[in-house]
Amino acid sequence: MYLNKALIYGNLTRDPELKSLPSGTKVATFGMATNRRYKDQNGNWQDQADFHNVVVFGRQAETSAQYLKKGSGAFVEGRMQTRSWDDKQTGQKKYRTEVVAERVQFGPIGQNRTQGGPSNNNAQNNPEKGATEKGAEDSIQYPEEDINAEDIPF
């Protein structure tokens, strides 16, 4: 049995670029960066960034292009694919390895930051008014006092 599965969580390095194939299928491409932290031989912490090319097809391509932007966090599940072509200028064979996404989940939206779509300036400037306009299902009311562990019934 063979397995070709890629799971990456990282930040976009550039805005998604949306194109259409001659068949009408939408294709979005973007870059992602993932970070790794490890200890070297001397015991010092080292950070390493890896960069990935991601390709998304169909409806997910449209939503990715609409809601993701440079710096956004995303979780991509897909398969690795390497394609090749001949460079028209030099005649050399070129290769590109990319993650062909089967599923894209958008990461959390940062505080005071909207992700794609229209922004709700009223919600950002006046939290109480924004919460009532957005609806109760979009807002969570947290208690102002600390929760005592003895109050939890289990």
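What percentage of the 154 residues of the chain counts as buried? In this predicted model, the buried fraction of the chain is 23%. The chain contains 3 helices and 6 strands, and these elements follow one another along the sequence in the pattern β-β-β-β-α-β-β-α-α. Among the contacts in the chain with a separation of 6 or more, 55% are accounted for by residues 24 or more positions apart.

**The nonpolar core**

The largest nonpolar core is made up of 15 residues, and those with the most contacts inside it are F30, M32, V54, V56 and V76. Two or more residues of this core come from each of β1 (6–12), β3 (26–39), β4 (45–57), β5 (73–86) and β6 (93–106). Such a grouping can be set beside a general tendency, namely that nonpolar side chains in soluble globular proteins tend to be buried together. For V56, one of the core residues with the most contacts, the partners beyond four places in sequence are K26, V27, A28, F30, A61, S64, A101 and V104.

**Helix α1 and the loop that follows**

Helix α1 spans residues 59–67, and within this helix A61, T63 and S64 are buried. The buried residues of α1 pack against β2, β3, β4 and β6; two of them, A61 and S64, are also among the residues that V56 touches.

Q60 belongs to the same helix, α1, but counts as partly exposed because its relative accessibility of 26% is not under the 20% that defines a buried residue. Outside its neighbours within four places in sequence, Q60 is in contact with E102, R103 and V104, and the side chain of Q60 reaches the backbone nitrogen of V104 at 2.9 Å. Q60 and V27 stand 33 residues apart in sequence, while their C-alpha atoms are 8.8 Å apart in space.

In the loop between α1 and β5 lies S72, which counts as buried because its relative accessibility is 1%. A polar atom of the S72 side chain lies 2.9 Å from the backbone oxygen of K69.

**A buried threonine in β3**

T34 is found in strand β3 and is buried, since its relative accessible area is 13%, under the 20% cut-off. The side chain of T34 is joined to that of H52 by a polar contact of 2.9 Å. Not counting residues up to four places away in sequence, T34 touches I8, Y9, G10, Q48, A49, D50 and H52.

The polar pairs described for Q60, S72 and T34 are set out below.

| Residue | Partner | Distance |
|---|---|---|
| T34 side chain | H52 side chain | 2.9 Å |
| Q60 side chain | V104 backbone nitrogen | 2.9 Å |
| S72 side chain | K69 backbone oxygen | 2.9 Å |

**The second largest pocket**

The second largest pocket has a volume of about 290 Å³. Its lining consists of 15 residues, of which V27, T29, V55, R83 and E98 are the closest to the centre of the pocket. At least two residues of this lining are supplied by each of β2 (17–20), β3, β4, β5 and β6. By residue class, the lining divides into 6 nonpolar, 3 polar and 6 charged residues. V27, which is one of the lining residues closest to the centre, is also among the residues touched by V56.

Notes. Residues are numbered from 1 along each chain as its sequence is written. This is a predicted model: local features need pLDDT of at least 70, side-chain atom pairs count only at pLDDT 80 or more; totals for chains, interfaces and linings use all residues. Side-chain values use heavy atoms; hydrogens and water are left out. A nonpolar core is a set of buried Ala, Val, Leu, Ile, Met, Phe, Trp, Tyr and Cys residues joined through side-chain atoms within 4.5 Å. Buried means under 20% relative accessible area, exposed over 50%, partly exposed in between (1.4 Å probe, protein chains only). Helices (H or I, at least four residues) and strands (E, at least two) are DSSP runs, numbered from the N terminus. Contact means heavy atoms within 4.5 Å. A polar contact is a pair of N or O atoms within 3.5 Å; within protein, one must be able to donate a hydrogen and the other to accept it, and residues adjacent in sequence count only if both atoms are side-chain atoms. On a 1 Å grid over the protein atoms alone, a cavity is a set of points where a 1.4 Å probe fits but cannot get out, and a pocket is an open set with protein on both sides within 12 Å along at least five of seven lines; lining residues have an atom within 4 Å of a point. Grid points are joined across faces, edges and corners, and a volume is the space filled by probe spheres set on the points. Ala, Val, Leu, Ile, Met, Phe, Trp, Tyr, Cys and Pro count as nonpolar, Asp, Glu, Lys and Arg as charged, and the others, Gly among them, as polar.
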